[in-house]
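Dear colleague,

I am passing on the structure below, together with some notes on what was found in it. Please look it over before reading on.

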Amino acid sequence: MRLKLSPVFFLGQALTVYKQGDSLTINGLTLDFTQLPDGATLSADATGCEWIVSPVERTGGELVLTLLLPLLEEANHAARYPSDIVAPADGLIALPIPEAEQLAPAQGYAVIDWSQVITAEDKAQAAREEQLSSVIAEIAQHRQLADAAIAPLQDAVDLEDATPEEAEALKAWKRYRVALNRLVEQPGYPDEIDWPEVPA
């Protein structure tokens, strides 16, 4: 487990955190993250805990989350610029702020909205979709370039007013446009693309 701390000046209450395996009891509210799979992310809102201020993730088996750290004006350097707490032992977690004078009452288990979990598979699918959208947009830009080059050359050919150079240029741009249309047939598409050379 890795706890990141986000300092904020005086929230009006102290912070006490206990750890038991993949469960944290934060000011009396227990959150059990045991069922968060590796590579997955859970939004902070889904935890129902105001002290958790960024998505909870499990990366390489390590549970990572960020907690607000309430500061007083006289807070020292270690509290203002806290280091991550890495692999804390079960029990009370030592924080770089004074311990609470009175423990918060037990609130039971938090109702975590597990429907908001984004799994590693979800992330991979989103990345694939983003990659595909990016490639489609790039192909469309190249097509616009080709279309703009072809139109006046085609006009000259249609009017039988094209020079030999213009006629060759038209063929080159049309070959380029055909090659763009065939990019989807490449074995590595859309991750690996052998882009056709733009006509001179």
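Which element is among those that cover the buried residues of α3? In this model, which is predicted rather than determined by experiment, the cover of those residues includes α4, residues 164–181. The buried residues themselves are Val135, Ile139, Ala146, Ala149, Ile150, Leu153, Gln154 and Ala156.

Helix α3 takes in residues 120–158, and because each residue should add 1.5 Å, its 39 residues are expected to span 57 Å, which agrees with the 55 Å between its end C-alpha atoms. There is nevertheless a kink of about 25° in α3, which lies at isoleucine 150, shortly before proline 152, and isoleucine 150 is also one of the buried residues of the helix. After α3 comes glutamate 160, whose phi is positive, near 55°.

Elsewhere, threonine 30, which belongs to strand β4 (residues 29–32), counts as buried because its relative accessible area, 13%, is under the 20% cut-off. Leaving aside neighbours within four places in sequence, threonine 30 is in contact with Ser23, Leu24, Thr25, Gly108, Tyr109 and Ala110. Its C-alpha atom is separated by 67 Å from that of alanine 151, and the two residues are 121 residues apart along the chain.

On the surface, a nonpolar patch is formed by Phe9, Phe10 and Leu72, which together have about 320 Å² of accessible area. Phenylalanine 9, placed in strand β1 (residues 2–9), is partly exposed, since its relative accessible area of 44% falls between the 20% and 50% cut-offs.

With best wishes

Conventions. Residues are numbered from 1 along each chain as its sequence is written. This is a predicted model: local features need pLDDT of at least 70, side-chain atom pairs count only at pLDDT 80 or more; totals for chains, interfaces and linings use all residues. Side-chain values use heavy atoms; hydrogens and water are left out. Helices (H or I, at least four residues) and strands (E, at least two) are DSSP runs, numbered from the N terminus. The expected span of a helix is 1.5 Å times one less than its number of residues. The bend at a residue is the angle between axes fitted to the seven residues ending there and the seven starting there. Buried means under 20% relative accessible area, exposed over 50%, partly exposed in between (1.4 Å probe, protein chains only). Contact means heavy atoms within 4.5 Å. Patches are made of residues with over 30% relative accessible area and no salt bridge: like charges are joined within 9 Å, nonpolar side chains (Val, Leu, Ile, Met, Phe, Trp, Tyr) within 5 Å. Accessible areas come from the Shrake-Rupley method with a 1.4 Å probe; for residues, only the protein chains shown count as cover. A salt bridge is a side-chain nitrogen of Lys or Arg within 4 Å of a carboxyl oxygen of Asp or Glu.
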